[in-house]
Amino acid sequence: MGNTILELKNIVKTFPGVLALNGIGIIYNKALLEEAGYTAEDITNFDSLKAVVEDITARKDELGFSAFTSAGMDGSSDWRFKTHLANLPIYYEYKDEGIDTTDAIKGTYLDNYRQIWDLYINNATCEPSAISTKTADDATADFVVEDAVFYQNGTWEYNNIADVGDENIGILPIYIGVEGEENQGVCTGTENYWCVNSKASEEDIQATLDFINWCVTSEAGIQAMCKDMGFVIPFPGNLESENVLVNEANKYLEEGKTPVTWCFSTMPSEEWKNGVGSALTAYAADQTDENWDKVVTAFVDGWATEAAAAK
């Protein structure tokens with residue numbers, strides 16, 4: 001995205017400019033992880049994550065905490081899995097195919113989706129059959145009161161978990177067992193955009209673009225964006241964040257890791273997400289191959305159906 005008035009104006013009628021960036025990953029409690037005998041350096045891919053998680057589960061009574069927070073699937077929490085976790089198999093399929101959208105997802109990485117989902121629900125603070133009633137607040141509480149080490153969420157969650165202490169908060173990439181994922185960073189992207197009404201007067205359009213430019217180039221504007229509102233802006237003037245999750249996520253970029261692109265905007269509809277979410281919940285209660293096939297059907301066939309309906 002451009003960061004000058006001219007560049008912004010050129011995209012007014014075609015595509016909005018990015019307002020702010022966020023990161024999604026597996027947030028973790030450093031102190032609890034160390035108490036279990038590990039550090040983040042021990043977790044570099046799905047296999048190593050699985051080994052650590054299952055060891056914590058095997059010793060949870062001794063340790064006094066579980067591996068994962070509850071994977072809540074009520075309406076306040078299910079977006080973390082039917083949207084954010086679902087992003088991973090979509091991202092890797094797009095990467096293989098050299099595309100950035102499709103009307104017919106193949107489901108190439110749905111076995112990987114299954115194994116990370118299994119890891120979440122079978123090593124958590126609640127039984128898999130209980131996730132339909134678990135909320136976002138439940139998951140946050142699990143983490144804040146230190147009942148769990150790991151918590152899938154985004155950098156925006158910092159204020160809600162800050163009581164754990166900045167020194168104890170870290171974030172890992174979401175590993176699903178794809179070759180080369182050791183070089184993966186966190187999922188980085190946005191659903192927040194600058195949008196300018198192309199039907200407004202030229203005078204109002206220019207005034208809006210002038211203001212946007214001021215927000216991301218002036219000292220006062222950048223202070224308001226980065227400090228007062230806590231945004232990470234994709235412009236040269238971006239300030240170091242006071243959000244420890246943002247800074248932890250940025251370390252992967254500094255190490256040359258490849259961030260996972262947000263593919264959410266290519267998901268065909270909210271109805272598709274709901275279908276995947278319902279199937280995930282049913283599978284969690286009865287983890288059979290037959291029930292996982294229903295997740296695959298919701299993911300693949302549901303995608304084609306919803307994409308066709310949108311035309």
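**Entry 1: the chain as a whole**

I started with burial, and buried residues make up 51% of the 311 residues in the chain. I noted straight away that this is a predicted model. Next I looked up the secondary structure, which comes to 14 helices and eight strands. The radius of gyration is 20 Å, close to the 19 Å that the globule rule gives for 311 residues, so the chain is as compact as a globular protein of that length. I also looked up the span of the C-alpha trace, which is about 65 × 45 × 35 Å along its principal axes.

**Entry 2: contacts and surface**

I wanted to know how far along the sequence the contacts reach. Among contacts between residues at least 6 apart in sequence, 74% join residues at least 24 apart. Then I turned to the surface: the chain exposes about 14,200 Å², and carbon and sulfur atoms supply 47% of that area.

**Entry 3: charges**

How many positive and negative side chains does the chain have? I found 19 positive and 52 negative ones. The centres of the two sets lie 5 Å apart. I reminded myself that side chains of opposite charge can pair when their charged atoms come close. My search of the whole structure for salt bridges found nine.

**Entry 4: Glu 248 and Lys 30**

I picked a salt bridge between the side chains of Glu 248 and Lys 30, at 3.4 Å from N to O. This pair links distant parts of the chain, as its residues are 218 apart. Glu 248 sits in helix H12 (residues 244-254), and Lys 30 sits in helix H2 (residues 30-35). Is Glu 248 buried or exposed? Its relative accessibility is 11%, so Glu 248 counts as buried. Lys 30 has a relative accessible area of 23%, so I wrote it down as partly exposed.

**Entry 5: Lys 82 and Asp 78**

My next pair was Lys 82 with Asp 78, a salt bridge whose closest N and O atoms are 3.1 Å apart. I checked burial here too. Lys 82 is buried, at a relative accessible area of 5%, and Asp 78 is buried as well, at 11%.

**Entry 6: Glu 97 and Lys 106**

I then looked at the salt bridge of Glu 97 with Lys 106, where the closest N and O atoms are 3.0 Å apart. Glu 97 is partly exposed, with a relative accessible area of 37%. Lys 106 has 55%, and with the cut-off for exposed at over 50%, Lys 106 is therefore exposed. Last, I asked which residues are joined into one network by salt bridges that share partners. They are Lys 30, Glu 248 and Lys 251, so my pair from Entry 4 belongs to that network.

Note on methods. Residues are numbered from 1 along each chain as its sequence is written. This is a predicted model: local features need pLDDT of at least 70, side-chain atom pairs count only at pLDDT 80 or more; totals for chains, interfaces and linings use all residues. Side-chain values use heavy atoms; hydrogens and water are left out. Helices (H or I, at least four residues) and strands (E, at least two) are DSSP runs, numbered from the N terminus. Buried means under 20% relative accessible area, exposed over 50%, partly exposed in between (1.4 Å probe, protein chains only). The radius of gyration is taken over C-alpha atoms; the globule rule is 2.2 Å times the number of residues to the power 0.38. Contact means heavy atoms within 4.5 Å. Accessible areas come from the Shrake-Rupley method with a 1.4 Å probe; for residues, only the protein chains shown count as cover. Lys and Arg count as positive and Asp and Glu as negative; His and the chain ends are not counted. The place of a charge is taken as NZ of Lys, CZ of Arg, CG of Asp or CD of Glu.
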